[in-house]
Amino acid sequence: MSTLEIKDLYASVETKEGRKQILKGANLVVNSNETHAIMGPNGSGKSTLAYTLAGHPKYIVDSGQALLDGKDLLTMTPDERARTGLFLAMQYPVEVPGVSMTNFLRTSKTEVDGKAPALRQWSKELNSAMKRLRMDAKFASRSVNEGFSGGEKKRAEVLQLELLKPKFAVLDETDSGLDVDALRIVSEGVNRAKENTGLGLLLITHYTRILKYIKPDVVHVFAGGKFVKTGGPELADELEATGYDQYLPEGANSE
Ligand code: ADP
Ligand code: MG
Ligand code: MG
(Lines give C-alpha, C1' and ligand atoms only; values in the text may rest on other atoms or scores of the structure.)
(Ligands and ions follow the chains in the order given, each with its own letter.)
Protein backbone atom coordinates (compact mmCIF):
# COMPACT_ATOMS: atom_id res chain seq x y z
CA MET A 1 0.00 0.00 0.00
CA SER A 2 1.18 3.50 -0.85
CA THR A 3 0.22 6.90 0.49
CA LEU A 4 0.28 10.34 -1.07
CA GLU A 5 0.21 13.09 1.51
CA ILE A 6 -0.09 16.75 0.56
CA LYS A 7 0.92 18.83 3.55
CA ASP A 8 0.10 22.50 3.93
CA LEU A 9 1.00 23.30 0.34
CA TYR A 10 1.39 26.92 -0.74
CA ALA A 11 2.33 27.59 -4.37
CA SER A 12 2.44 30.50 -6.79
CA VAL A 13 2.35 30.99 -10.51
CA GLU A 14 4.53 33.31 -12.56
CA THR A 15 2.23 35.67 -14.46
CA LYS A 16 2.90 38.73 -16.61
CA GLU A 17 1.87 40.90 -13.66
CA GLY A 18 4.24 39.07 -11.35
CA ARG A 19 4.01 36.20 -8.95
CA LYS A 20 0.55 35.26 -7.72
CA GLN A 21 -0.09 32.81 -4.90
CA ILE A 22 -2.79 30.31 -5.85
CA LEU A 23 -2.42 27.36 -3.47
CA LYS A 24 -2.99 28.46 0.10
CA GLY A 25 -2.59 25.59 2.50
CA ALA A 26 -3.80 22.49 0.67
CA ASN A 27 -3.91 19.30 2.77
CA LEU A 28 -4.88 15.85 1.50
CA VAL A 29 -4.12 12.18 2.17
CA VAL A 30 -4.82 9.58 -0.53
CA ASN A 31 -4.06 5.87 -0.20
CA SER A 32 -3.74 3.16 -2.84
CA ASN A 33 -7.10 1.91 -4.07
CA GLU A 34 -8.84 5.11 -3.05
CA THR A 35 -10.62 7.50 -5.41
CA HIS A 36 -10.92 11.11 -4.30
CA ALA A 37 -13.06 13.44 -6.37
CA ILE A 38 -11.93 17.06 -6.26
CA MET A 39 -14.66 19.51 -7.20
CA GLY A 40 -14.66 23.27 -7.01
CA PRO A 41 -15.30 26.53 -8.80
CA ASN A 42 -13.37 27.63 -11.86
CA GLY A 43 -10.17 29.41 -10.99
CA SER A 44 -9.93 27.90 -7.50
CA GLY A 45 -6.53 26.36 -8.26
CA LYS A 46 -7.34 22.74 -9.09
CA SER A 47 -5.12 22.65 -12.18
CA THR A 48 -2.47 24.58 -10.28
CA LEU A 49 -2.50 21.80 -7.69
CA ALA A 50 -2.13 19.20 -10.45
CA TYR A 51 0.74 21.05 -12.15
CA THR A 52 2.51 21.77 -8.88
CA LEU A 53 2.43 18.08 -7.99
CA ALA A 54 3.75 17.12 -11.42
CA GLY A 55 6.51 19.75 -11.40
CA HIS A 56 5.49 22.20 -14.12
CA PRO A 57 8.23 24.87 -14.12
CA LYS A 58 5.75 27.79 -14.08
CA TYR A 59 4.44 26.79 -10.67
CA ILE A 60 6.60 27.68 -7.70
CA VAL A 61 6.31 25.92 -4.35
CA ASP A 62 6.32 28.48 -1.55
CA SER A 63 6.08 25.96 1.26
CA GLY A 64 4.69 22.55 2.12
CA GLN A 65 5.29 19.00 0.98
CA ALA A 66 3.80 16.27 -1.19
CA LEU A 67 5.02 12.98 0.25
CA LEU A 68 4.71 9.77 -1.74
CA ASP A 69 5.48 7.04 0.79
CA GLY A 70 7.43 9.61 2.75
CA LYS A 71 9.48 10.95 -0.19
CA ASP A 72 8.84 14.60 -1.06
CA LEU A 73 7.88 14.84 -4.73
CA LEU A 74 8.27 18.60 -4.64
CA THR A 75 12.06 18.37 -4.33
CA MET A 76 12.28 16.10 -7.40
CA THR A 77 12.51 16.77 -11.13
CA PRO A 78 9.32 15.95 -13.08
CA ASP A 79 10.80 12.69 -14.41
CA GLU A 80 11.84 11.60 -10.90
CA ARG A 81 8.28 12.25 -9.77
CA ALA A 82 7.01 9.99 -12.57
CA ARG A 83 9.51 7.29 -11.60
CA THR A 84 8.38 7.58 -7.98
CA GLY A 85 4.87 6.76 -9.18
CA LEU A 86 2.99 9.97 -9.98
CA PHE A 87 1.01 10.47 -13.18
CA LEU A 88 -0.85 13.52 -14.44
CA ALA A 89 -3.54 13.47 -17.10
CA MET A 90 -3.62 17.08 -18.21
CA GLN A 91 -6.74 19.21 -18.65
CA TYR A 92 -5.32 20.36 -22.00
CA PRO A 93 -2.95 17.65 -23.30
CA VAL A 94 -0.03 19.08 -25.27
CA GLU A 95 0.66 18.30 -28.91
CA VAL A 96 4.17 16.98 -29.62
CA PRO A 97 4.74 17.17 -33.38
CA GLY A 98 7.36 14.78 -34.71
CA VAL A 99 7.15 12.31 -31.82
CA SER A 100 5.02 9.27 -32.58
CA MET A 101 2.68 7.83 -29.96
CA THR A 102 4.48 4.48 -29.99
CA ASN A 103 7.92 6.06 -29.50
CA PHE A 104 6.58 8.35 -26.83
CA LEU A 105 4.87 5.55 -24.92
CA ARG A 106 7.79 3.12 -25.16
CA THR A 107 10.31 5.81 -24.13
CA SER A 108 8.12 6.87 -21.21
CA LYS A 109 7.67 3.27 -20.09
CA THR A 110 11.44 2.66 -20.30
CA GLU A 111 12.16 5.83 -18.30
CA VAL A 112 9.57 5.13 -15.63
CA ASP A 113 10.54 1.47 -15.15
CA GLY A 114 14.29 1.98 -15.53
CA LYS A 115 14.40 -0.69 -18.25
CA ALA A 116 12.91 -1.23 -21.68
CA PRO A 117 9.78 -3.41 -21.72
CA ALA A 118 10.12 -6.78 -23.48
CA LEU A 119 9.12 -6.04 -27.05
CA ARG A 120 6.57 -8.73 -27.76
CA GLN A 121 4.77 -8.35 -24.43
CA TRP A 122 4.79 -4.57 -24.85
CA SER A 123 3.29 -4.64 -28.34
CA LYS A 124 0.58 -6.97 -27.15
CA GLU A 125 -0.24 -4.77 -24.20
CA LEU A 126 -0.22 -1.58 -26.29
CA ASN A 127 -2.45 -3.04 -28.99
CA SER A 128 -4.98 -4.46 -26.60
CA ALA A 129 -5.10 -1.28 -24.49
CA MET A 130 -5.71 0.77 -27.66
CA LYS A 131 -8.40 -1.64 -28.77
CA ARG A 132 -10.19 -1.45 -25.42
CA LEU A 133 -10.07 2.36 -25.61
CA ARG A 134 -11.50 2.12 -29.15
CA MET A 135 -8.44 3.84 -30.57
CA ASP A 136 -7.67 2.99 -34.17
CA ALA A 137 -4.29 1.25 -34.62
CA LYS A 138 -3.28 4.18 -36.87
CA PHE A 139 -2.95 6.38 -33.79
CA ALA A 140 0.22 4.52 -32.80
CA SER A 141 2.15 6.07 -35.67
CA ARG A 142 0.70 9.56 -35.37
CA SER A 143 2.45 12.40 -33.54
CA VAL A 144 1.46 12.71 -29.89
CA ASN A 145 -1.90 14.52 -29.70
CA GLU A 146 -1.28 16.36 -32.98
CA GLY A 147 -4.63 16.96 -34.65
CA PHE A 148 -6.36 14.67 -32.14
CA SER A 149 -9.91 15.66 -31.25
CA GLY A 150 -10.65 16.56 -27.64
CA GLY A 151 -11.95 13.06 -26.96
CA GLU A 152 -8.98 11.39 -28.66
CA LYS A 153 -6.57 13.40 -26.52
CA LYS A 154 -8.35 12.23 -23.37
CA ARG A 155 -8.20 8.62 -24.55
CA ALA A 156 -4.49 9.04 -25.22
CA GLU A 157 -4.03 10.23 -21.62
CA VAL A 158 -5.83 7.16 -20.29
CA LEU A 159 -3.77 4.94 -22.60
CA GLN A 160 -0.63 6.31 -20.95
CA LEU A 161 -2.17 5.75 -17.54
CA GLU A 162 -2.94 2.12 -18.32
CA LEU A 163 0.51 1.40 -19.73
CA LEU A 164 2.70 3.32 -17.29
CA LYS A 165 0.99 1.90 -14.19
CA PRO A 166 1.66 4.71 -11.71
CA LYS A 167 0.89 4.48 -7.99
CA PHE A 168 -1.11 7.73 -8.03
CA ALA A 169 -2.81 9.56 -10.86
CA VAL A 170 -4.23 13.05 -11.01
CA LEU A 171 -6.89 13.28 -13.71
CA ASP A 172 -7.56 16.94 -14.46
CA GLU A 173 -11.01 17.22 -16.02
CA THR A 174 -10.45 14.13 -18.12
CA ASP A 175 -14.24 14.02 -18.51
CA SER A 176 -14.66 17.55 -19.90
CA GLY A 177 -15.87 17.69 -23.47
CA LEU A 178 -16.51 13.96 -23.79
CA ASP A 179 -19.76 12.61 -25.19
CA VAL A 180 -21.51 9.81 -23.28
CA ASP A 181 -19.84 6.97 -25.18
CA ALA A 182 -16.35 8.44 -24.88
CA LEU A 183 -16.96 9.15 -21.21
CA ARG A 184 -17.85 5.50 -20.61
CA ILE A 185 -14.84 4.21 -22.58
CA VAL A 186 -12.44 6.54 -20.79
CA SER A 187 -13.95 5.69 -17.38
CA GLU A 188 -13.65 1.97 -18.07
CA GLY A 189 -9.97 2.49 -18.83
CA VAL A 190 -9.45 4.29 -15.54
CA ASN A 191 -11.34 1.57 -13.69
CA ARG A 192 -9.17 -1.12 -15.32
CA ALA A 193 -6.08 0.73 -14.13
CA LYS A 194 -7.58 0.83 -10.62
CA GLU A 195 -8.34 -2.88 -10.61
CA ASN A 196 -5.05 -3.96 -12.11
CA THR A 197 -2.67 -1.83 -10.11
CA GLY A 198 -4.46 -0.57 -6.99
CA LEU A 199 -4.05 2.96 -8.26
CA GLY A 200 -4.87 5.87 -5.96
CA LEU A 201 -6.88 8.47 -7.85
CA LEU A 202 -7.33 12.23 -7.60
CA LEU A 203 -10.20 12.96 -9.94
CA ILE A 204 -10.64 16.67 -10.67
CA THR A 205 -14.04 17.29 -12.19
CA HIS A 206 -16.86 19.78 -12.53
CA TYR A 207 -19.53 17.19 -13.15
CA THR A 208 -21.09 14.35 -11.23
CA ARG A 209 -21.72 12.35 -14.40
CA ILE A 210 -18.21 10.80 -14.41
CA LEU A 211 -18.77 9.77 -10.78
CA LYS A 212 -21.50 7.40 -11.97
CA TYR A 213 -18.77 5.42 -13.75
CA ILE A 214 -15.79 6.01 -11.48
CA LYS A 215 -17.11 5.71 -7.94
CA PRO A 216 -15.40 8.06 -5.51
CA ASP A 217 -14.70 7.00 -1.94
CA VAL A 218 -14.27 10.59 -0.86
CA VAL A 219 -15.45 13.91 -2.34
CA HIS A 220 -13.69 17.20 -1.62
CA VAL A 221 -14.57 20.79 -2.30
CA PHE A 222 -11.53 22.79 -3.39
CA ALA A 223 -11.93 26.58 -3.20
CA GLY A 224 -9.58 29.51 -2.76
CA GLY A 225 -6.49 27.33 -3.10
CA LYS A 226 -7.29 24.71 -0.49
CA PHE A 227 -9.58 21.87 0.47
CA VAL A 228 -12.50 23.40 2.32
CA LYS A 229 -14.91 20.50 2.73
CA THR A 230 -14.72 16.71 2.63
CA GLY A 231 -17.53 14.18 2.53
CA GLY A 232 -18.77 10.95 1.00
CA PRO A 233 -20.23 10.45 -2.50
CA GLU A 234 -23.41 12.27 -1.42
CA LEU A 235 -21.44 15.53 -1.27
CA ALA A 236 -21.13 15.45 -5.09
CA ASP A 237 -24.91 15.33 -5.51
CA GLU A 238 -25.30 18.11 -2.99
CA LEU A 239 -22.82 20.27 -4.96
CA GLU A 240 -24.63 19.60 -8.20
CA ALA A 241 -27.84 20.83 -6.60
CA THR A 242 -26.46 23.88 -4.78
CA GLY A 243 -23.42 24.94 -6.85
CA TYR A 244 -20.30 26.45 -5.34
CA ASP A 245 -21.60 29.90 -4.40
CA GLN A 246 -21.36 29.20 -0.69
CA TYR A 247 -17.65 28.44 -1.10
CA LEU A 248 -16.77 31.58 -3.03
CA PRO A 249 -15.34 34.72 -1.49
CA GLU A 250 -17.78 37.58 -0.89
CA GLY A 251 -18.80 39.32 -4.14
CA ALA A 252 -17.39 36.65 -6.51
CA ASN A 253 -19.39 34.34 -8.69
CA SER A 254 -18.51 31.00 -10.21
CA GLU A 255 -17.94 32.12 -13.84
P1 ADP B 1 -8.96 25.71 -11.85
O2 ADP B 1 -8.24 24.57 -12.47
O3 ADP B 1 -9.53 25.41 -10.51
O4 ADP B 1 -10.00 26.29 -12.76
P5 ADP B 1 -6.43 27.09 -12.16
O6 ADP B 1 -5.45 26.38 -11.30
O7 ADP B 1 -6.40 26.81 -13.61
O8 ADP B 1 -7.91 26.86 -11.58
O9 ADP B 1 -6.26 28.65 -11.96
C10 ADP B 1 -6.24 29.25 -10.68
C11 ADP B 1 -5.88 30.70 -10.80
O12 ADP B 1 -4.52 30.83 -11.17
C13 ADP B 1 -6.68 31.44 -11.86
O14 ADP B 1 -6.94 32.74 -11.39
C15 ADP B 1 -5.75 31.45 -13.05
O16 ADP B 1 -6.00 32.55 -13.87
C17 ADP B 1 -4.39 31.54 -12.37
N18 ADP B 1 -3.35 30.87 -13.17
C19 ADP B 1 -3.12 29.54 -13.22
N20 ADP B 1 -2.10 29.26 -14.06
C21 ADP B 1 -1.70 30.44 -14.56
C22 ADP B 1 -0.67 30.83 -15.48
N23 ADP B 1 0.13 29.92 -16.07
N24 ADP B 1 -0.54 32.14 -15.76
C25 ADP B 1 -1.34 33.06 -15.18
N26 ADP B 1 -2.32 32.76 -14.30
C27 ADP B 1 -2.50 31.49 -13.99
MG1 MG C 1 -10.84 25.66 -14.79
MG1 MG D 1 -8.43 23.53 -14.21
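**Exercise 1. The ligand shell**

Which residues surround ligand 1? Then sort the shell by element and by residue class.

Solution. This is a predicted model, in which local features need pLDDT of at least 70, side-chain atom pairs count only at pLDDT 80 or more, and totals for chains, interfaces and linings use all residues. Residues are numbered from 1 along each chain as its sequence is written, while chains are lettered from A and ligands numbered from 1 in the order in which they are written.

Step 1. List the shell. A residue is near a molecule if its C-beta atom, placed from the backbone, lies within 6 Å of it. Ligand 1 is surrounded by Val13, Thr15, Ile22, Gly40, Asn42, Gly43, Ser44, Gly45, Lys46, Ser47, Thr48 and Lys58.

Step 2. Assign elements. Helices (H or I, at least four residues) and strands (E, at least two) are DSSP runs, numbered from the N terminus. Two or more shell residues come from strand 1 (3–15) and from helix 1 (46–54). Helix 1 gives the most, with 3 residues.

Step 3. Sort by class. The shell holds 2 nonpolar, 8 polar and 2 charged residues. Here Ala, Val, Leu, Ile, Met, Phe, Trp, Tyr, Cys and Pro count as nonpolar, Asp, Glu, Lys and Arg as charged, and the others, Gly among them, as polar.

**Exercise 2. The sheet of 4 strands**

Give the strand order, and find the edges.

Solution. Step 1. Two strands pair if DSSP finds at least two bridges between them. The order is 2-1-4-5, in an open sheet with antiparallel pairing.

Step 2. Strand 2 (18–31) and strand 5 (71–72) each have a single partner strand, so one side of each lacks a neighbour in the sheet.

Step 3. Strand 1 pairs with strand 4 (residues 59–68) over 8 bridges, in the antiparallel sense. Tyr10 has Ser63 of strand 4 as its bridge partner.

**Exercise 3. The sheet of 6 strands**

Repeat the analysis for the sheet with mixed pairing.

Solution. Step 1. The order in this open sheet is 6-9-10-3-11-12.

Step 2. Strand 6 (86–89) and strand 12 (226–231) stand at the edges, each with a single partner strand, so one side of each is left without a neighbour in the sheet.

Step 3. Strand 9 (residues 168–172) and strand 10 (residues 200–204) pair in the parallel sense over 5 bridges. Phe168 stands opposite Gly200 in strand 10.
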